[in-house]
Amino acid sequence: VQLVESGGGSVQPGGSLNLSCTASGFTFSNSEMRWFRQAPGKERELVAQILPRGGITRYAASVKGRFTISRNNVKKMVYLQMNDLKFEDTAVYYCSSFTLVGSTPTVYWGQGTQVTVSS
């Protein structure tokens with residue numbers, strides 16, 4: 001199983017980045033996909049999530065209206081379009097999958113990609 005994030009980098013406030021996550025080794029189309037982030041000295045927080053068929057998305061209040069999560073089940077990829085970035089968006093961003101087999105959850109994580117917002 002692999003989740004590989006890309007697209008991180010440094011950007012000025014108000015700028016945009018588009019993160020990508022490529023999945024392999026599990027049934028992507030059956031999995032809810034999530035983006036988390038962790039800033040230095042802070043707990044990891046859920047930023048956005050998208051259900052397996054892509055019709056339902058949810059966002060943390062701090063990013064709602066600025067970030068958009070999407071997925072392509074054919075390419076086995078999930079994206080996070082981040083607009084109007086703020087200093088407080090600086091963090092390592094992680095892609096994660098959540099799959100229920102019966103009542104048993106399975107969670108996988110990527111290695112993370114750094115996003116730095118600075119002037």
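Mentor: A strand is a DSSP run of E with at least two residues, and strands are numbered from the N terminus. The model discussed here is predicted. On that definition, serine 97 has its place in strand S9.

Trainee: Why does serine 97 count as buried?

Mentor: Buried means under 20% relative accessible area. Serine 97 has 0% relative accessibility, so the residue counts as buried.

Trainee: With which residues is serine 97 in contact, leaving aside its neighbours within four places in sequence?

Mentor: Contact requires heavy atoms within 4.5 Å. Under that condition, the partners of serine 97 are Leu3, Phe26, Ser31, Glu32, Met33, Thr106, Val107 and Tyr108.

Trainee: What makes the link between cysteine 21 and cysteine 95 a disulfide?

Mentor: The cut-off is a pair of cysteine sulfur atoms within 2.5 Å. The S to S distance for cysteine 21 and cysteine 95 is 2.1 Å, which satisfies this rule. The count by this rule is one disulfide. The pair links distant parts of the chain, with cysteine 21 in strand S3 and cysteine 95 in strand S9, 74 residues apart. Both cysteines are buried.

Trainee: Why is the disulfide of cysteine 21 and cysteine 95 called left-handed?

Mentor: The torsion about its S-S bond is about -75 degrees, and the disulfide is therefore left-handed.

Trainee: How many aromatic pairs are counted, and what makes the pair of phenylalanine 26 and phenylalanine 28 tilted?

Mentor: The count comes to four aromatic pairs. For phenylalanine 26 and phenylalanine 28, the ring centres are 6.4 Å apart and the planes stand at 50 degrees. Centres must lie within 6.5 Å, and planes that are neither under 30 degrees nor over 60 degrees apart count as tilted. The angle of 50 degrees therefore makes this pair tilted. Phenylalanine 26 is buried at a relative accessible area of 13%, and phenylalanine 28 is buried at 2%. Together with Tyr108, Phe26 and Phe28 form one aromatic cluster.

Trainee: Why, then, is the pair of tyrosine 94 and tryptophan 109 called edge-to-face?

Mentor: Planes over 60 degrees apart count as edge-to-face. The planes of tyrosine 94 and tryptophan 109 are at 85 degrees, with ring centres 6.5 Å apart, so the pair is edge-to-face. This pair links distant parts of the chain, tyrosine 94 in strand S9 and tryptophan 109 in strand S10, 15 residues apart.

Trainee: How do you know whether tyrosine 94 is buried or exposed, and what is the status of tryptophan 109?

Mentor: Tyrosine 94 has a relative accessible area of 13%, so the residue is buried. Tryptophan 109 is at 38% relative accessibility, between the limits of 20% and 50%, and therefore counts as partly exposed.

Trainee: What makes strands S1 and S7 the edges of their sheet?

Mentor: The open sheet has four strands in the order S1-S3-S8-S7, with antiparallel pairing. Strands S1 and S7 each have a single partner strand, so one side of each lacks a neighbour in the sheet. The average twist from one strand to the next is 15 degrees.

Trainee: How do you know that strands S3 and S8 pair?

Mentor: Pairing requires at least two bridges, and S3 and S8 have six bridges in the antiparallel sense. The bridge partner of serine 20 in S8, for example, is tyrosine 79.

Trainee: Which residues have the most contacts inside the largest nonpolar core?

Mentor: That core has 27 residues, and those with the most contacts inside it are Trp35, Phe67, Val78, Leu80, Met82 and Tyr93. Its largest share, four residues, comes from S3.

Technical notes:
Residues numbered from 1 in each chain as written. Predicted model: local features only at pLDDT ≥ 70, side-chain atom pairs only at ≥ 80, totals over all residues. Heavy atoms only, no water. Axes fitted to C-alpha atoms, helices over the stretch in contact; angles between N-to-C directions. Core = buried A, V, L, I, M, F, W, Y, C linked by side-chain atoms within 4.5 Å. Buried < 20%, exposed > 50% of the residue type's maximum accessible area, 1.4 Å probe, protein only. Phe/Tyr/Trp six-rings, centres within 6.5 Å; stacked < 30°, edge-to-face > 60°.
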